[in-house]
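This report describes selected features of one structure, arranged by region. Please consult the sequence and the model shown below while reading.

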Amino acid sequence: MTKIPDPHKAHGAGVKPRRMDFDFADDIPMWWFNGDVFKTILLTAQSCTFPDGERFFIDSVRYFQSQITDPELAAKVRGFIGQEAHHGKEHAALNDLMASKGLPTDEVVAHVKRNLGELKKHMSPKAQLAMTCALEHFTAMLAELALSEPAFFAGMDERVKVLWMWHAIEESEHKSVAFDVYQQVVGDRALLRRQMIINTVTFLFFSAVHFRTLYRKSPRRIGVTGMLKGMDFLIGREGWLRKLGPRYLAYFRKDFHPSQVDTEQLRHEMMSRLQAITGKEAFAV
Ligand SMILES: [Fe+2]
Ligand SMILES: [Fe+2]
């Protein structure tokens with residue numbers, strides 16, 4: 001297959017921040033994910049973790065930035081910081097939209113901020129970077145699953161879909177950056193694995209807690225059938241989380257590296273689609 005040249009490699013070594021300024025209009029339906037309460041709240045809960053979560057990722061990498069001597073990785077780190085900063089800003093806009101529709105997104109955002117603030121006080125910089133690597137593996141897996149299976153977005157309002165597609169592209173694009181920094185300045189695989197186990201448990205636990213916080217104020221109930229359908233969406237025979245099993249476990253291999261799954265072609269296909277939808281040059285391949 002012919003490799004498509006990346007015009008952005010000169011700036012950020014293939015990791016290029018794309019400024020979006022999405023306009024989340026008031027007439028976006030409250031249940032923008034296919035009219036489905038479970039799926040909309042599930043993704044809104046994730047969205048609430050991004051503004052402060054992305055800041056945590058940035059800070060954990062920035063702490064070691066001066067120790068990066070490889071110019072290509074240093075450029076990627078700058079690209080990574082720019083991308084994550086934009087993600088936080090755009091997800092804050094979506095969170096505001098959902099707050100205006102009555103979901104207590106500000107409660108979840110404040111909860112995330114408090115928890116991460118506490119973690120920062122008690123975790124070493126190395127452990128914080130290992131936590132970023134673990135969560136970057138999560139976001140890369142989810143992003144690349146969404147990129148490879150467009151059915152994931154079925155029925156989502158186009159104006160919200162572009163946010164998730166853009167975020168998925170950039171998560172996939174910078175998936176190796178925190179890991180490479182870790183390998184260069186820390187290199188302790190045992191800490192990396194330990195941190196992944198801790199973050200798997202806390203990610204699932206807090207996803208459920210944040211879902212509940214939002215759902216409590218939902219004007220629409222899911223009911224037992226809706227909940228079972230939601231669980232099927234996640235862990236059923238064709239469930240999205242179930243599909244991630246093998247890739248998740250790959251993280252524990254001795255020779256694991258995020259780049260072992262090459263999704264450049266997938267990203268380029270999605271970028272072309274995004275360019276057609278948004279008309280933004282930033283997605284030119
Ligand atoms: Fe991000
Ligand atoms: Fe990321």
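## Helix 6 and its surroundings

The buried residues of helix 6 are covered by elements that include helix 1, helix 2, helix 4 and helix 7 (189-216). The structure is a predicted model, and the values in this report are to be read accordingly. Helix 6 spans residues 177-185, and 7 of its 9 residues are buried, so the rest of the structure largely encloses this helix. The buried positions are V177, A178, F179, D180, V181, Y182 and V185.

After helix 6 comes G187, a residue with a positive phi, near 75°.

## The iron site

Five residues coordinate the iron ion (ligand 1): E54 and E84 through OE, H87 through ND1, H167 through NE2, and E171 through OE. The coordination distances run from 2.0 to 2.4 Å. Along the sequence, these donor residues follow the spacing E-x29-E-x2-H-x79-H-x3-E.

E84 also serves as a bridge between the iron ion (ligand 1) and the iron ion (ligand 2), and these two ions lie 3.7 Å apart. The pair E84 and H167 links distant parts of the chain, with E84 in helix 2 (residues 71-100), H167 in helix 5 (residues 158-173), and their positions 83 residues apart in sequence. Both E84 and H167 are buried.

## T139, a contact of the ligand residue E171

T139 is located in helix 4 (residues 125-148). Is T139 buried or exposed? With a relative accessibility of 15%, T139 counts as buried, because the limit for a buried residue is under 20%.

The side chain of T139 makes a polar contact of 3.0 Å with the side chain of E171, and E171 is itself among the residues that coordinate the iron ion (ligand 1). When residues up to four places away in sequence are left out, T139 touches F50 and E171.

## Salt bridges

How many salt bridges are found in the whole structure? The search finds 19. In general terms, side chains of opposite charge can pair when their charged atoms come close.

One of the salt bridges joins the side chains of D59 and K120, at 2.6 Å from N to O. This pair links distant parts of the chain: D59 belongs to helix 1 (residues 37-62) and K120 to helix 3 (residues 105-122), 61 residues apart. Each partner is partly exposed, D59 at 30% relative accessibility and K120 at 33%.

A further salt bridge, between E144 and R247, has an N to O distance of 2.8 Å. E144 lies in helix 4 and R247 in helix 10 (residues 245-250), so this pair ties together parts that are 103 residues apart in sequence. E144 is buried, with a relative accessible area of 3%. Elsewhere, R19, D21, K89 and E90 are joined into one network by salt bridges that share partners.

## A salt bridge within helix 2

K76 and E72 also form a salt bridge, in which the closest N and O atoms are 3.7 Å apart. The two residues are 4 positions apart in helix 2, and therefore about one helical turn separates K76 from E72. An α-helix has 3.6 residues a turn, so residues three or four places apart point the same way. K76 is partly exposed, with a relative accessible area of 21%, and E72 is partly exposed as well, with 48%.

## Surface features

A nonpolar surface patch of about 480 Å² is formed by L142, L204, M227, M231, I235 and L241. Which helix gives the most to the nonpolar patch? Helix 8 (residues 223-235) does, with 3 residues. M227 is located in helix 8 and counts as partly exposed, at 31% relative accessibility.

D262 is situated in the loop between helix 10 and helix 11 (264-278). At 61% relative accessibility, D262 counts as exposed. The side chain of D262 reaches the backbone nitrogen of E264 at 3.1 Å. D262 and G245 are 17 residues apart in sequence, and their C-alpha atoms are 18 Å apart in space.

Key
Residues are numbered from 1 along each chain as its sequence is written. Chains are lettered from A and ligands numbered from 1 in the order in which they are written. This is a predicted model: local features need pLDDT of at least 70, side-chain atom pairs count only at pLDDT 80 or more; totals for chains, interfaces and linings use all residues. Side-chain values use heavy atoms; hydrogens and water are left out. Buried means under 20% relative accessible area, exposed over 50%, partly exposed in between (1.4 Å probe, protein chains only). A polar contact is a pair of N or O atoms within 3.5 Å; within protein, one must be able to donate a hydrogen and the other to accept it, and residues adjacent in sequence count only if both atoms are side-chain atoms. Contact means heavy atoms within 4.5 Å. Patches are made of residues with over 30% relative accessible area and no salt bridge: like charges are joined within 9 Å, nonpolar side chains (Val, Leu, Ile, Met, Phe, Trp, Tyr) within 5 Å. Accessible areas come from the Shrake-Rupley method with a 1.4 Å probe; for residues, only the protein chains shown count as cover. A salt bridge is a side-chain nitrogen of Lys or Arg within 4 Å of a carboxyl oxygen of Asp or Glu. Donors are N, O and S atoms within 2.8 Å of the metal (3.2 Å for Na, K and Ca); water is not among the atoms, so sites may look incomplete.
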